[in-house]
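Please look through the sequence and the model displayed below before reading on. A short report on selected features then follows.

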Amino acid sequence: MKKMLMASAATLAMVGAASAEDVKLGILIGFTGPIESLTGHMAAAAENAMAEVNASGKAPNGWNFVSVRGDSTCADSAAATAAAERLITAEGVKGIIGGDCSGVTRAVLTNVAMPNGIVMVSPSATSPALSADPDDGLFFRTAPSDAREGEVMADVLQEHGVKSIALSYSNTDYGKGLAESIANAFIAKGGTVTINASHDDGKADYSAEVAALAAAGGDLLVVAGYLDQGGKGIIQASLDSGAFSTFGLPGGMVGENLPKTIGPALDGSYGQHANSDAQGMNYLIETGKAANPSFDGSGAYAAESYDAAALIMLAMAAAGTTDSKVYKEKVMDVANAPGEKVYAGELAKALELIAAGTDIDYEGATGVELIGPGESAGRYREFVVKDGKYETVKFR
């Protein structure tokens, strides 16, 4: 069944005491930690969806959705668990958009969401292990599994004529799962992985790790890490030592902070991240920028965050209740065919159709299609870094 994201800790609505009609959604993502440069856009996108529904005045029972933010840190499971407990027990959220990184998401799902019967829809937790984890039908994700990204990256590398890679990955659930997927897919296509080695985040010096990578060699270095932490450190140390000059960049390495920090030396590196050219994407980009000129709706996991929040609210409307144990059964229904297609920017239309008893097929900003255990089938944007920007090559 489909996986859902619930909004985390940020306030969307009017200042003042919450009314009986307010429905709180938690946004549980790493406002601090190894992907903090991405999460402002992610939260803003989820909150844009809530604001769109509130402005329509078409939510059932006069519901007014209020965002409450919680910091998962991306890396500290104890901190993420405590933040989730606060959202549920103190704030009374009816669903959670998040978590973000796979390790903390698994901890929150097991230790907090399942015991409390609260739906989670993650926009960015991509570990293949989450596909098989018990979830009581409460967990969904609008980002595809890394099992799929490994296949896409192997195709990208092959099309660039790469025969061998060195592979460095963050010593986390995310890094391990993605590195395994990339290595298996690349080898299956006839490529060679010269070394598949972990790196710890938060270190000041990565020269030892880079020396081992350089000794193994390879046509380029694939870095399955985090752009604000060890992944960035591995790239900088590789450039400083001359070990590698071109890098393969999966989703966790995609964000404006990386080329800004590394500079022109990153030009020519390439990769992919979960993203879409779906019909609703332009709406998210344009309306987001109108409200906030610094908002990047095309950035990693922003569109997935909008869709996560939308799925929760539409499932609630279809069920006629904010009770997770009930509306969890409607997530797959509103996300998939059959039904009238609904795109980002059309949440008012979706609510009207639901109220009239008409089935909807929510496409959203990313072309949502939930498969198997409630996760996105996935589209990917292939890019190359050029003049300090991630320039789109094509979508896959």
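The report takes up one helix, one cavity and one residue in a strand.

This is a predicted model, in which local features need pLDDT of at least 70 and side-chain atom pairs count only at pLDDT 80 or more, while totals for chains, interfaces and linings use all residues. Residues are numbered from 1 along each chain as its sequence is written, and side-chain values use heavy atoms, with hydrogens and water left out.

Helix 3 covers residues 102-116 and has a kink, as the table sets out; helices are DSSP runs of H or I with at least four residues, and strands are runs of E with at least two, numbered from the N terminus.

| Feature of helix 3 | Value |
|---|---|
| Length | 15 residues |
| Reach, first C-alpha to last | 20 Å |
| Expected at 1.5 Å a residue (times one less than the number of residues) | 21 Å |
| Kink centred on Leu109 (angle between axes fitted to the seven residues ending there and the seven starting there) | about 45 degrees |

Leu109 is also among the buried residues of helix 3 (under 20% relative accessible area, 1.4 Å probe, protein chains only), which include Ser102 and Val112. These buried residues are covered by elements including strand 1 (22-29) and helix 5 (173-188). Just after helix 3, Gly117 takes a positive phi of about 65 degrees.

Ser102 also helps to line the largest cavity, together with residues including Asp100, Tyr174 and Tyr301.

Glu363, in strand 12 (residues 360-364), is buried, with a relative accessible area of 15%. Leaving aside residues up to four places away in sequence, Glu363 touches (heavy atoms within 4.5 Å) Asp307, Lys341, Val342, Tyr343 and Val368.

Conventions. Buried < 20%, exposed > 50% of the residue type's maximum accessible area, 1.4 Å probe, protein only. 1 Å grid on protein atoms, 1.4 Å probe; cavity = no way out; pocket = protein on both sides within 12 Å on 5 of 7 lines; lining within 4 Å.
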